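Biologist: Before we talk about names such as strand pair, sheet and contact, could you put the structure up, so that each name can be set against what it rests on?

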Amino acid sequence: MSRKSERLVNLTIALLATSRWLTKSDIYRTIEGYSGDLDAKERMFERDKEELRNLGIEIEVGSFDPLFEDEVGYRIRPEKYKIQISKLSETQFSLISLATKMWRDAVLGSQANTALLKMKSLGIESDAEELPLNPQRLDVSDENLLHIIDAISSRKVISFGYFNRDSISQDRAIEPLGVGTKNGYWYVAGRDLDKREIRLFRLDRFSSAVKDQGRAGAFETPEDFVMSDLLKSQAREKSCRIKVRTDKAHALRKFSTVISSEHDWDILDLSYASQDQLIRDLLWHRDDVVIVEPLELVADIKRALERIEAAHG
Amino acid sequence: MAKRSTPMEKAARLLDLVPFLYKNQGISIEMLAKEFGVDRDEILSDLNTLWMCGETRFDLIELEFESGYVYIRNAQAINLVRSLSTQEMISIFFGLDLIKDELGTERPDLLAEIETLKSQISPELATKVSANHAVSASLLEEIDKAIASRSLLEIQYHSVADDKKSTRVISPIEKVRRDGHDFLTAFCTVADSRRTFRLDRISAAQSVDLSSPSIEVLDEKELRTSVSLRIHGNARLFKETFDRFQELGDDKYLVEVFNPTWLVREIIASAGDFELLEPLNLRREVSRQVRAITSQYR
């Protein structure tokens, strides 16, 4: 097993150190570990190239003489291999250090650690400023997240099972665009290929492992796509007027402005995102809350009450 | 022991070891293993492998680690810090977003540094990630301190079941995570028993100094009520609301609840999707409350 990693490292060194294109025969001759007949060597080399590419190492293919394409050569350009950041300030290092530590024991934990190691290898004082911050840990352990991140970066369509409203698993295919966490839930944003629009999917509602579909670079990310905007757009853009008993419905008051108060009631303007959720939230507060306007919502809540009454009557 | 690395993981680590060792000549083997998150045997195996690598088989990397401290020479060709992978970049972005969220409008200098970092690392990728806190960090710190020191905490809590805000003194036991939410289990001096509090409903917390907080933690002895339900729609919401349930077939389910008040509210809030079958007194309570709400619209 260590022989294979040894060969991968030697291949990387050879391709990085060379100032000219290295041909396959150069490689088989100078790098230890390519054994067997020519076919076996070819297969090993093809796999090695693929694995280095999976590590994010770009291998260039070219030829000595553009007129004679008989034998192609390979090399890795140091400027492509190398990290683009040349220097970090102490504060920047402290921020990255803190940012990566939040992943301890979570699904991106080892990736966060190697990111931090790379920053340390750039040579920044390790006794940098201690930031007076104590952010929450990121404790997601869902392996699907890793797969989704890769698909976002390689722009591959993914498919997965997803529990619908009736808790039945349905197959979904999306062009994944972004990931985020909000109020403790993890979300994936993607263009749903069936519904033909960008939607949010909650990671804990996935019913299967994520699978790739098709090739990399299969779609373009819309230029104006910003994950944080999308998560915010779940925000409360609509508004309705409600009547609430004094000192009741604290959960709703957070999203309301008081218009007036009389006797034991306050009149509030409440902002909300989805109508279904609004009805549920209002019903939750029972007779402590009465909807005043708009009249369509009054009709909706009356219908909901009739449904509950019919079921329990 | 930790699981063995795949050849690809090992190769990646070997490539990252080189620039790290150049910057940290003379680091101890133990320290090196810790930095790379592997055990001593694995890092020794790495060093032994790296020792066999080089530009040609006659021009190998020179490594010295017999003394227990590691020195490297003759590996200039790969003394380069590798570019960050997408997963690595995203791990940083999530962390930076949370720091930003915690800072709010304080420390504009740090906020500016975060933006600079994002654009240095990958401006395109930065827009594809977003994170915020469910619970404020200062509150968490206060709670963690109280758990560690077994001290008492005075909290302001919004009980959704009764829709009441209350101040209570609790003795925090542990934090648990369930269904995307963080909870605090604690001994509550008001209820005189063990209680679970959802962290995002605690609006303030401060430690209180009481002379002898010798509170014994009791077992959960609260009475649970068994309730059968029928689901007419939105089964996903049902499963996300009740973390434990038993399927009875024919869209019927059995759940056990601590708090019937809460249950009745959940049934009403489902707008007819959940029907409470038994016990009958609770079923009648649903009806009674629905009539009370309906009377508000006459």
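Biologist: Which residue of E6(A) is the bridge partner of Ile174(A)?

Modeller: In this predicted model, the bridge partner of Ile174(A) in E6(A) is Asp192(A).

Biologist: How do you know that E5(A) and strand E6 (residues 185-192) of chain A are a pair?

Modeller: Two strands count as paired if there are at least two bridges between them, and eight bridges join E5(A) to E6(A), with the two running antiparallel, so the name of a pair applies. The hairpin that they form has two residues between the strands, and Asn183(A) takes a positive phi near 50° there.

Biologist: What makes strand E4 (residues 157-163) of chain A a partner of strand E5 (residues 169-182) of chain A?

Modeller: The requirement is again at least two bridges, and E4(A) and E5(A) pair over six, in the antiparallel sense; Ser159(A), for instance, stands opposite Ala173(A) in E5(A). This hairpin has five residues between its strands, and in the turn Ser167(A) has a positive phi of about 65°.

Biologist: How do you know that E5(A) also pairs with strand E6 (residues 129-131) of chain B?

Modeller: Three bridges link E5(A) with E6(B), in the parallel sense, and since a pair needs at least two, the condition is met. Among the residues involved, Gly180(A) has Ser130(B) as its bridge partner, while Thr181(A) stands opposite Ala131(B).

Biologist: What makes a residue of chain A count as being in contact with chain B?

Modeller: The C-beta atoms of the two residues, placed from the backbone, must lie within 7 Å; by that test, 101 residues of chain A are in contact with 90 residues of chain B. Helix H1 (residues 2-17) of chain A gives the most to the side of chain A that touches chain B, with 12 residues, and by class that side has 48 nonpolar, 32 polar and 21 charged residues.

Biologist: Why do strand E10 (256-262) and strand E12 (289-293) of chain A stand at the edges of their sheet?

Modeller: The open sheet has four strands in the order E10-E11-E9-E12 (chain A), with antiparallel pairing. E10(A) and E12(A) each have a single partner strand, so one side of each is left without a neighbour in the sheet. Ignoring direction, neighbouring strands of this sheet are turned by 30° against each other on average.

Biologist: Over how many bridges does E12(A) pair with strand E9 (residues 238-245) of chain A?

Modeller: They pair over four bridges, in the antiparallel sense, and Val289(A) in E12(A) is the bridge partner of Val244(A).

Terms used
Residues numbered from 1 in each chain as written. Chains lettered and ligands numbered in written order. Predicted model: local features only at pLDDT ≥ 70, side-chain atom pairs only at ≥ 80, totals over all residues. Axes fitted to C-alpha atoms, helices over the stretch in contact; angles between N-to-C directions. Nonpolar A, V, L, I, M, F, W, Y, C, P; charged D, E, K, R; others polar.
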